[in-house]
Amino acid sequence: MRAGPNSPGAAAERRTRIHVVSDVHGNTEALARAGQGADALVCLGDLVLFLDYADHSRGIFPQLFGVENADRIVALRTERRFEEARDFGRELWAGMDRNSAIVAAVRKQYAEMFAALPTPTYATYGNVDIPGLWPEYAGPGTTVLDGERVEIGGRVFGFVGGGLRTPMRTPYEISDEEYAAKIEAVGEVDVLCTHIPPDVPELTYDTVARRFERGSGALLAAIRRTRPRYSLFGHVHQPLVRRMRIGATECVNVGHFASTGTPWALEW
């Protein structure tokens, strides 16, 4: 983090700088450096790496079932053959305690990643996260928010975590109504931080996976209605457009952290 108020050169550091990351997906090494030079880190979720679509040898799935099976399930999902992918998954999990195996692997990842978070960190959940485990690992320097607001450097940040329901059935998917209620609870803010993007085709289309991910219509409506300075989100790893304006709001996809290891910086 940055120098304190009595440190040499502090007078020249009166501006506030926030680093923002999303879709960490197991990149603990880069996460440990993500707060360097910033007053705070904002993390928009998806800490867990279940399966790396770029490197099928990484993640919980290949650790349990091997790379060859990871290759197959990625191919099925990419071709949108979700029923076949689920059937294949059921075959692999037959005879195993799926929940126990996943939770044990997630706990190991969370222990490493939460230990790497700088102080202060403000975080919300991604769709592949397991919210019930976060209180066990989030230290006093990490503030977890979902449907809540916080002031950072004189600006109000609102946080809404999780994703909407999809055929992928990831751990933290909720109904459109639940998601809209959290957006409503946040209200008017300067910076609206979510895991998923607003429901705009250019922001929801993944150019590598060749599919549209689910964006939120309630989020889009809130952006148009409340006009925050920024809407920050991740979820779509290779979007058609990383940045665009919706009225007065700058919408920025910061969901490239796992591959680049570079946070997005906001300064004022």
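**Entry 1: the end of H7.** I began at the residue after helix H7, and found that glycine 187 follows the helix with a positive phi, near 70°. I note here that I am working from a predicted model, and that every value below is computed from it.

**Entry 2: the two sides of H7.** Which residues of H7 are buried? I looked them up and listed Tyr179, Lys182, Ile183 and Val186. Viewed down the axis of H7, these buried residues fall within an arc of 100°, so they line one face of the helix. I kept the general background beside this: an α-helix has 3.6 residues a turn, so residues three or four places apart point the same way. I then turned to the face of H7 directed away from its buried side, where I found the exposed residues Glu177, Glu184 and Ala185.

**Entry 3: what covers the buried face.** I next asked which elements cover the buried residues of H7. The cover includes the strands E5, E6, E7 (163-164), E8 (173-174) and E9, together with helix H9 (217-226).

**Entry 4: the sheet of six strands.** Since E5, E6 and E9 appear in that cover, I traced the sheet that holds them, and read an open sheet of 6 strands in the order E5-E6-E9-E12-E14-E13, with mixed pairing. Strand E5 (148-152) and strand E13 (243-246) stand at its edges with a single partner strand each, so one side of each has no neighbour in the sheet. From one strand to the next, the twist averages 20°. Helix H7 (residues 176-186) packs on this sheet and touches E5, strand E6 (155-160) and strand E9 (191-194), while its direction makes about 170° with that of E6.

I also checked one pairing inside the sheet, that of strand E12 (residues 230-233) with strand E14 (residues 249-253), which run parallel and are joined by 4 bridges. Within this region I noted that phenylalanine 233 stands opposite asparagine 253 in E14.

**Entry 5: the sheet of five strands.** I then followed another open sheet, of 5 strands in the order E4-E3-E2-E1-E15, and recorded its pairing as mixed. Its edge strands are E4 (142-144) and E15 (264-267), each of which pairs on one side only. With direction ignored, neighbouring strands of this sheet are turned by 20° against each other on average.

How many bridges pair strand E1 with strand E2? I found that E1 (residues 17-21) and E2 (residues 40-43) pair in the parallel sense over 4 bridges, and that the bridge partner of valine 21 in E2 is cysteine 43.

Definitions and conventions:
Residues numbered from 1 in each chain as written. Predicted model: local features only at pLDDT ≥ 70, side-chain atom pairs only at ≥ 80, totals over all residues. Heavy atoms only, no water. Pairing = 2+ DSSP bridges. Helix = DSSP H or I, 4+ residues; strand = E, 2+ residues; numbered from the N terminus. Axes fitted to C-alpha atoms, helices over the stretch in contact; angles between N-to-C directions. Contact = heavy atoms within 4.5 Å. Buried < 20%, exposed > 50% of the residue type's maximum accessible area, 1.4 Å probe, protein only. Arc of directions from axis to C-beta.
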